[in-house]
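Student: I have a structure to read and do not know where to begin. Could we go through it feature by feature?

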Amino acid sequence: MKVMFTCGGTAGHINPALAVAGMLRGRVKDMDILFVGAEGGMETKLVPREGFELRTIKAQNLKHKLSIEAIPWNIKSVSLMLGALPAVKKIIRDFAPDVVVGTGGYACFPAIYEATGMGIPSLIHESNAIPGVTTKLLAGRVDKMLVSFEGVEKHYPRPERVVVTGMPVRSAFMLADRDKSRLSLGLDSRPVALSFFGSLGARDMNKKMAEVIKAAAASREFQLVHVTGKFGWEWMPGLLREMGVDLDECPHIRLMEYAYEMPEAMAAADLVLCRAGASTLSELSVTGKPAILIPSPNVAADHQTKNARKLEETGGVEVLPESELNDEVLINKIASLLRNPGKLDKMSRALLDSAIFDSADRIYEIILNLAVRSGRH
């Protein structure tokens, strides 16, 4: 059996595909899996690390904010998208997949568009509470439209094809051991906060976290693991030195560019500070990790706030809009929660009660059924 996954741009699009691909590889004999992503995208790092073959096309995202600078960028984006169509068609012909699975990102559009045009069974998984641009354009073409949240069928042209599966999470998140993870990260028994704000790094949030790190370095009340992201890594260590923070003298603070072992980092944490991408929210739910969510204000249709408010209803997270946030509020909120293990435990149980643990299984079954019904497997 052959399955082609197409995704890219951010870890939130890539990791769900990796979760399902890993399940297929482990359960189906003679399984052949191919990923299609964008040149230079994060998928070029994450996909090979999991042992899957990756083919790339030239593609870039669309800028959603109207500006003079966005016009030439978006013209180039559309041009690259159109130019990628014949390249993707050749990849599909060469690989001959039984099913094509898209999990979002700008590289997803040409692959799903060509696959549906060639009559290959296809599906898209939309992770967010409202569909993104790629999903809106393709939802009417695919055989199945998979979603993470209940009650979102109204957003799609063929609601009868919409299936609620939840968000697939790699099994490593559920299997990671807290004590072993802390030992691996060099952490002790004090409370641990984990913070990350996107694989590229959010400048404003990294600046606020620099103040948190300064406070944590002085008090030593709790431990902090902060993931800067690609761009943040270029300047944040220098900023901390300017602020008088010597990380060599602070073993209770860990700074890293990217957490390749995010399941380990999350297992070690008592509290997580992060954005509200759907992939991250599912990881928080299945691991029962209380969180302070700070939705990104720079995403289409403010979908992260909608994601965050959905999870907030469970009682397992607290939402702080970035526009209302300052350094003092953030430091006090972190310290207050870490001093209250009873509340953290209650939040954890609320998340676990609301989690969908078999999302990857549900998608796995849909892929197999599509392949069998089409007579391609």
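Tutor: Start with Arg-220, in the loop between α8 and β9 (223-227). The model is a predicted one.

Student: What is the phi of Arg-220 near?

Tutor: The general idea comes before the case. Most residues other than glycine have a negative phi. Arg-220 has a phi near 55 degrees, a positive value in a residue other than glycine.

Student: Which other residue should I look at for this feature?

Tutor: Take Ala-96, in the loop between α3 (70-95) and β4 (99-102). Phi of Ala-96 is also a positive value, near 55 degrees, and the residue is other than glycine. A glycine case is Gly-119, just after α4, with a positive phi of about 80 degrees.

Student: Are Arg-220 and Ala-96 buried, exposed or partly exposed?

Tutor: Relative accessible area decides, and partly exposed covers the range between under 20% and over 50%. Arg-220 has 36% relative accessibility, so it counts as partly exposed. Ala-96, with a relative accessible area of 39%, is partly exposed as well.

Student: What does the side chain of Arg-220 make a polar contact with?

Tutor: With the side chain of His-252, at 3.4 Å. His-252 sits in the loop between α9 (232-242) and β10 (253-256). Its relative accessible area is 1%, so His-252 is buried. Leaving aside residues up to four places away in sequence, His-252 touches Arg-190, Ala-216, Ala-217, Arg-220, Phe-222, Gln-223 and Leu-224.

Student: Ala-217 is in that list. Where is Ala-217 found?

Tutor: In helix α8, residues 203-219. Ala-217 counts as buried because its relative accessibility is 13%. Beyond residues up to four places away in sequence, Ala-217 touches Val-245, Cys-250, His-252 and Ile-253. Separation can be given along the sequence or through space: Ala-217 and Phe-149 are 68 residues apart in sequence, and 39 Å apart from C-alpha to C-alpha.

Student: Why does Ser-195 count as buried?

Tutor: Because its relative accessibility is 0%. Ser-195 lies in strand β8, residues 192-196. The Ser-195 side chain makes a polar contact with the side chain of His-226, at 2.7 Å. With residues up to four places away in sequence not counted, Ser-195 touches Met-209, Leu-224, Val-225, His-226, Val-227 and Leu-273.

Student: How do I read a sheet?

Tutor: Strands of a sheet pair through backbone hydrogen bonds, either parallel or antiparallel. Here seven strands form an open sheet with parallel pairing, in the order β3-β2-β1-β4-β5-β6-β7. β3 (53-57) and β7 (162-164) are the edge strands, each pairing on one side only. Neighbouring strands of this sheet are turned against each other by 25 degrees on average, direction ignored.

Student: Which helix packs on the sheet, touching β1 and β2?

Tutor: Helix α1, residues 11-27. The direction of α1 makes about 165 degrees with that of β2 (32-38).

Student: How many bridges are there between β1 and β2?

Tutor: Five, in the parallel sense. Lys-2 stands opposite Asp-32 in β2. Six of the seven residues of β2 are buried, so this strand is largely enclosed by the rest of the structure. Elsewhere in the sheet, four bridges join β5 (residues 122-126) to β6 (residues 144-147), and these two strands run parallel. Leu-123 has Lys-144 as its bridge partner in β6.

Student: Can burial be read for a whole helix too?

Tutor: Count its buried residues. In helix α4 (residues 108-117), eight of ten are buried, and the helix is mostly covered. Among them are Cys-108, Phe-109, Pro-110 and Glu-114.

Student: And what describes two helices that meet?

Tutor: Two packed helices are described by the angle between their axes and the distance between the axes. The axes of α11 (residues 278-287) and α14 (residues 341-354) come within 6 Å and cross at roughly 110 degrees. That makes α11 roughly perpendicular to α14.

Student: Which residues make the contact?

Tutor: Leu-284, Ser-285, Val-286 and Thr-287 of α11, with Leu-351, Leu-352 and Ser-354 of α14. By class, the contact of α11 with α14 has four nonpolar, three polar and no charged residues.

How values were computed: Residues are numbered from 1 along each chain as its sequence is written. This is a predicted model: local features need pLDDT of at least 70, side-chain atom pairs count only at pLDDT 80 or more; totals for chains, interfaces and linings use all residues. Side-chain values use heavy atoms; hydrogens and water are left out. Two strands pair if DSSP finds at least two bridges between them. Axes are lines fitted to C-alpha atoms, for helices over the stretch in contact, and angles run from 0 to 180 degrees between N-to-C directions. Contact means heavy atoms within 4.5 Å. Buried means under 20% relative accessible area, exposed over 50%, partly exposed in between (1.4 Å probe, protein chains only). A polar contact is a pair of N or O atoms within 3.5 Å; within protein, one must be able to donate a hydrogen and the other to accept it, and residues adjacent in sequence count only if both atoms are side-chain atoms. Angles under 35 degrees count as roughly parallel, over 145 as roughly antiparallel, 65 to 115 as roughly perpendicular and the rest as oblique. Ala, Val, Leu, Ile, Met, Phe, Trp, Tyr, Cys and Pro count as nonpolar, Asp, Glu, Lys and Arg as charged, and the others, Gly among them, as polar.
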